[in-house]
Amino acid sequence: MVKMTLRMMMLAMIIVGLRDHSNAEQLPPAGPYVFGYTDQLSYVPGDTVAFHLSSNQPTVDLTISRVGAQTEQVHQEVGVACAAHPIADRASSDGCDWPVAWTMPIPSDWKSGYYEVTVKAGGDAGAQGSLFFVVRAGDSQPKSNILLQLSTNTYNAYTNWGGHSLYSYHDRDGLQGHQVSFDRPIGSQFGKWELPFVRWAETNGYSIDYAVNSDLEFHPEILADYRLVLSVGHDEYWSSPMRDHLERFIREGGNVAFFSGNTCCWQVRSGNNGRTLTSWKQTPNMDPLYRTGDHRLLSTAWSHHLVGRPENELTGVGFLWGGYHRSHGQFMEGSGAFTVHRPDHWLFQGTGLKQGDAFGGKDSIVGYECDGCEMKWIDGVPVPTHNDGTPKTFQILGTCEARWAPGDSYWYDRFPTDRVGAAVLGSYTSAGGGTVVTTGTTDWAHGLRGGDAAVIQITKNILDRLSQ
């Protein structure tokens with residue numbers, strides 16, 4: 001959350017908008033370099049991947065590896081002809097528009113997964129870059145019961161390559177962008193958020209298929225193949241079609257586990273067949289849709305009163321009632337642990353945890369950004385008020401204190417800046433029988449990486465029960 005006055009932010013948006021329509025090119029690095037991106041985020045076997053590359057070296061070498069329980073090299077291509085291409089001033093918002101340097105069909109035997117591409121140029125003393133794509137399970141392949149959709153919208157939102165991101169603090173000009181493109185090198189956050197979960201799951205025999213955020217929007221038919229859909233880590237940016245399709249999945253009896261925090265916080269709009277994301281975030285009045293009178297698709301917080309669709313309705317919790325724990329200066333000496341409130345719930349089966357016990361603190365599983373719900377306490381146990389969109393069947397199973405950073409609440413003036421919320425671990429069941437579990441924290445997978453017995457058992461309980 002960036003501490004700027006509304007006037008400053010509006011001015012920044014205007015300046016970014018003006019800059020987006022200039023024609024000045026950016027200068028590439030002086031030394032050897034190689035950059036790249038693919039024409040799509042995900043593919044199925046038989047699809048052809050187009051690699052858009054730029055390098056000041058005449059040839060580059062590509063190594064493709066599937067990253068899971070282990071990193072397995074699956075292909076190497078040596079001596080791909082390459083050339084240097086300009087970086088337009090609009091690269092971050094409209095894409096690089098580089099030509100295709102090389103194409104490759106996805107082999108029929110490639111497993112669903114996250115594939116990392118290492119690109120080297122100029123020999124041993126040259127440059128190295130990386131890019132990624134996802135392989136979904138093909139129609140002719142056996143499928144898992146579990147689908148992990150990666151937080152690729154968040155990856156893009158934080159990438160400032162070619163100019164700006166959706167954040168001002170690391171923008172080229174110190175300004176906040178309102179559109180970002182996937183047709184540029186994207187900084188992957190897979191290693192930070194999803195990989196610890198993936199390594200634990202695949203090592204422990206769980207078969208998981210992969211997709212990306214936009215597959216929920218543009219390929220919703222894939223949901224019919226799965227019993228359980230996962231969100232892991234920092235799944236912050238969602239489009240309305242993504243929510244529509246996943247909420248229908250839940251209504252029809254599908255299960256979802258959000259091992260994530262700050263989830264579905266901002267509404268975005270996809271453009272250019274899914275290759276761009278629009279988000280006006282803290283300045284919804286600058287969104288062109290604002291003056292249409294129909295505010296349901298405003299690219300601002302889902303919990304904003306103009307949108308009227310708080311993320312609690314999907315996940316059970318939201319950032320509005322959560323905040324930070326051991327980050328952004330909030331509760332920096334906090335426990336990083338959940339306190340148990342309903343130990344008899346199936347989620348805690350086999351853990352031995354009792355009411356009032358804490359778990360996960362060794363690995364700070366409650367950390368960075370957290371989601372919660374409005375609650376009241378009855379006989380020493382927290383109960384949702386349901387005033388914030390949290391479903392009527394939602395149960396609070398664990399909590400840990402969290403709070404916004406100073407300045408975050410200026411556009412939600414009904415909250416005092418020192419309001420204390422909570423990260424909430426909880427679950428609800430839809431009328432159609434679909435079960436949703438949320439951990440309410442970005443850092444749940446830290447406990448899997450660290451070998452926390454309670455975190456491992458709870459995760460197993462969720463995967464085993466909801467994937468069947």
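These are my notebook entries on a few spots I looked up in this structure, which is a predicted model.

**Entry 1: helix H9**

I began with helix H9, which runs over residues 453–466. I wanted to know how far apart its end C-alpha atoms are. They are 20 Å apart, and that agrees with the 20 Å that 14 residues should span at 1.5 Å a residue.

Next I looked at the N-terminal end of H9, where Asp452 acts as a cap. One of its side-chain oxygens sits 3.0 Å from the backbone nitrogen of Ala454. Ala454 is also one of the buried residues of H9. Others on that list include Val455, Ile458, Ile462 and Leu466. I jotted down a reminder to myself: an α-helix has 3.6 residues a turn, so residues three or four places apart point the same way.

**Entry 2: cysteines**

How many disulfides does the structure hold? I found zero. Reminder: a disulfide is a covalent bond between the sulfur atoms of two cysteines.

I checked Cys370, which is in no disulfide; its nearest cysteine sulfur belongs to Cys400, 6.8 Å away. The cut-off for a disulfide is 2.5 Å between the sulfurs. Looking from the other side, Cys400 is in no disulfide either, and its nearest cysteine sulfur is that of Cys370. Are they buried or exposed? Cys370 has 0% relative accessibility, so it counts as buried. Cys400, at 6%, counts as buried too.

I also stopped at Cys264, in the loop between strand S16 (255–261) and strand S17 (266–271). Its phi is near 55°, a positive value in a residue other than glycine. Cys264 is buried, with a relative accessible area of 0%.

**Entry 3: another positive phi**

His386 has a positive phi as well, near 70°, and it is not a glycine. I found His386 in the loop between strand S24 (381–384) and strand S25 (395–403). With a relative accessible area of 21%, His386 is partly exposed. The cut-off for buried is under 20%, so His386 falls outside that class.

**Entry 4: aromatic rings**

I counted aromatic pairs and got 25. A pair of rings is described by the distance of the centres and the angle of the planes, and I wrote both down for two pairs.

Tyr37 and Trp98 make a tilted pair, 5.6 Å centre to centre with 35° between the planes. Tyr37 belongs to strand S2 (residues 34–38), while Trp98 is in the loop between helix H2 (91–94) and strand S8 (100–105), so this pair links distant parts of the chain, 61 residues apart. Tyr37 and Trp98 are both buried.

Why is the pair of Tyr114 and Phe190 called stacked? The ring centres are 3.8 Å apart and the planes are at 5°, and stacked needs planes under 30 degrees apart. Here too, distant parts of the chain are linked: Tyr114 is in strand S9 (residues 113–121) and Phe190 is in the loop between strand S12 (179–181) and helix H4 (194–203), 76 residues apart. Both of these residues are buried.

I also traced a cluster linked by ring pairs; among its members are Phe197, Trp200, Tyr206 and Trp444.

Then I looked for charges over rings. The charged end of Arg243 sits over the ring of Trp302, 4.6 Å from its centre. Arg403 does likewise with Phe331, its charged end being 4.2 Å from the ring centre.

**Entry 5: three single residues**

Thr38 is in strand S2. At 5% relative accessibility, Thr38 counts as buried. A polar atom of its side chain lies 2.6 Å from the backbone oxygen of Gln40. Thr38 touches several residues from elsewhere in the chain, including Tyr43, Phe51, Leu131 and Arg275.

Met242 is in helix H6 (residues 240–251). Its relative accessibility is 0%, so Met242 counts as buried. Its contacts include Gln149, Asn213 and Tyr237. I also took one distance: Met242 and Asn272 are 30 residues apart along the chain, with their C-alpha atoms separated by 16 Å.

Last stop was Ala83, in the loop between strand S6 (71–81) and strand S7 (87–88). Is Ala83 buried or exposed? Neither quite: Ala83 is partly exposed, with a relative accessible area of 35%. Leaving out residues up to four places away in sequence, Ala83 touches Leu53, Ser54 and Ser55. From Ala83 to Leu314 I got 46 Å, C-alpha to C-alpha, with their positions 231 residues apart in sequence.

Key
Residues are numbered from 1 along each chain as its sequence is written. This is a predicted model: local features need pLDDT of at least 70, side-chain atom pairs count only at pLDDT 80 or more; totals for chains, interfaces and linings use all residues. Side-chain values use heavy atoms; hydrogens and water are left out. Helices (H or I, at least four residues) and strands (E, at least two) are DSSP runs, numbered from the N terminus. The expected span of a helix is 1.5 Å times one less than its number of residues. Buried means under 20% relative accessible area, exposed over 50%, partly exposed in between (1.4 Å probe, protein chains only). A polar contact is a pair of N or O atoms within 3.5 Å; within protein, one must be able to donate a hydrogen and the other to accept it, and residues adjacent in sequence count only if both atoms are side-chain atoms. Contact means heavy atoms within 4.5 Å. Rings of Phe, Tyr and Trp (its six-membered ring) pair if their centres lie within 6.5 Å; planes under 30 degrees apart count as stacked, over 60 as edge-to-face and the rest as tilted. A charge sits over a ring if NZ of Lys or CZ of Arg is within 6 Å of the ring centre and within 35 degrees of the ring normal.
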